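Colleague: I should be grateful for a close look at one part of this structure, with its surroundings described in connected form.

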Amino acid sequence: MRTAGMEAVLFDMDGTLFDSEPLWDVSLADLAARLGGELRPEIRRQVVGRNLRDTAQLLHDDLHVTADAAESAAWLLERTRQLFARGVPWRPAAQAVVESVRRRGIPTALVTSSHRVLVDEVLARLDPGTFQVVVCGDEVSRPKPDPEAYLTAARRLGVDPRGCVALEDSLPGVASALAAGCLVVAVPEDGAALGDGHGAVVAELESVTVDGLTSLLAARVG
């Protein structure tokens, strides 16, 4: 039975549903080493949720390297794909959240900054139709924090983004979903890492329920 009032749930991928950030730790450290330096923790935190080109450029700037950001981004993408091909685990409780949404007949979408080649490695291990719509970072002209990805997902689902809940874990993702008009629930591993003033509801992923999301959306509308 579909839940009244909530038109869809839109999920980020990396760090929200799947514990892929440790794999990015490896590929980013490998890229830094390839450029002759080391990945600093501060830069690692800054690149969460960013697109590949911006990530490469930030790393170049930090290492004072003059190089082609597009070339580094392509290298990083392929290295990360190799790691994803070994399998990317769900975050604790994430699969249960997705399945509970599907059981209630609520449309779902995966809205990610990751490129299609990475997303396909993840989707290959899931039941077909887990997500009715998938929007990848290389399939939009303006990636997160621009709202295009979330607006695209809502349009493909045929729903009003103002009636959608988005689950995110990064500041660029939160900004993207908010700008699209979604109610945003942030479920990072470390809630304090987001800081204040971002506009999202911060929650533990293990505590997320369909009824809870519906109540949050109803409270905002009311």
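How many nonpolar, polar and charged residues does the lining of the largest pocket have, by class?

Modeller: The model is a predicted one. By class, the lining of the largest pocket divides into 6 nonpolar, 3 polar and 8 charged residues. The space in this pocket amounts to about 510 Å³. Its lining is made up of 17 residues, and those closest to the centre of the pocket are Arg 44, Arg 45, Val 48, Asp 169 and Ala 193. Helix H1, helix H2 (41–46) and helix H8 each give two or more residues to that lining. The largest share, 3 residues, comes from H2.

Two of the residues at the centre of the pocket merit individual attention, beginning with Arg 44. The side chain of Arg 44 meets that of Glu 21 in a salt bridge, with 2.5 Å from N to O. Because Glu 21 lies in helix H1 and Arg 44 in helix H2, the pair ties together parts that are 23 residues apart in sequence. Both partners are buried: Glu 21 has a relative accessible area of 17%, and Arg 44 has a relative accessibility of 12%. H1 and H2 are also among the elements that contribute to the pocket lining.

Asp 169 presents another picture. This residue is placed in the loop between strand S4 (164–168) and helix H8 (171–180). Asp 169 is buried, yet it has no salt bridge. The nearest side chain of opposite charge belongs to Arg 91, at 5.9 Å, and a salt bridge requires a side-chain nitrogen within 4 Å of a carboxyl oxygen. The side chain of Asp 169 does, however, make a polar contact of 3.2 Å with the side chain of Thr 16.

Strand S4, which precedes the loop of Asp 169, includes Glu 168, the partner of Lys 144 in a salt bridge whose closest N and O atoms are 2.7 Å apart. Lys 144 lies in the loop between strand S3 (133–135) and helix H7 (148–157), whereas Glu 168 lies in strand S4, so this pair ties together parts that are 24 residues apart in sequence. Lys 144 counts as buried at 5% relative accessibility, and Glu 168 is buried with a relative accessible area of 0%. The pair does not stand alone, for Asp 12, Lys 144 and Glu 168 are linked in a network of salt bridges.

A further salt bridge joins Asp 146 and Arg 142, with the closest N and O atoms 3.4 Å apart. Here Asp 146 is partly exposed, at a relative accessible area of 23%, and Arg 142 is likewise partly exposed, at 46%. In total, the structure holds 15 salt bridges.

The enclosed space may be set beside the pocket. A search of the whole structure finds 1 cavity of 30 Å³ or more, and about 250 Å³ of space lies in the largest cavity. The lining of this cavity comprises 22 residues, with Asp 14, Trp 24, Val 47, Gly 49 and Arg 50 nearest its centre. Helix H1 (21–34) and helix H3 (52–63) each supply at least two residues of the cavity lining, and the largest share, 3 residues, comes from H1. By class, the cavity lining has 6 nonpolar, 8 polar and 8 charged residues.

Methods: Residues are numbered from 1 along each chain as its sequence is written. This is a predicted model: local features need pLDDT of at least 70, side-chain atom pairs count only at pLDDT 80 or more; totals for chains, interfaces and linings use all residues. Side-chain values use heavy atoms; hydrogens and water are left out. On a 1 Å grid over the protein atoms alone, a cavity is a set of points where a 1.4 Å probe fits but cannot get out, and a pocket is an open set with protein on both sides within 12 Å along at least five of seven lines; lining residues have an atom within 4 Å of a point. Grid points are joined across faces, edges and corners, and a volume is the space filled by probe spheres set on the points. Helices (H or I, at least four residues) and strands (E, at least two) are DSSP runs, numbered from the N terminus. Ala, Val, Leu, Ile, Met, Phe, Trp, Tyr, Cys and Pro count as nonpolar, Asp, Glu, Lys and Arg as charged, and the others, Gly among them, as polar. Buried means under 20% relative accessible area, exposed over 50%, partly exposed in between (1.4 Å probe, protein chains only). Lys and Arg count as positive and Asp and Glu as negative; His and the chain ends are not counted. A polar contact is a pair of N or O atoms within 3.5 Å; within protein, one must be able to donate a hydrogen and the other to accept it, and residues adjacent in sequence count only if both atoms are side-chain atoms.
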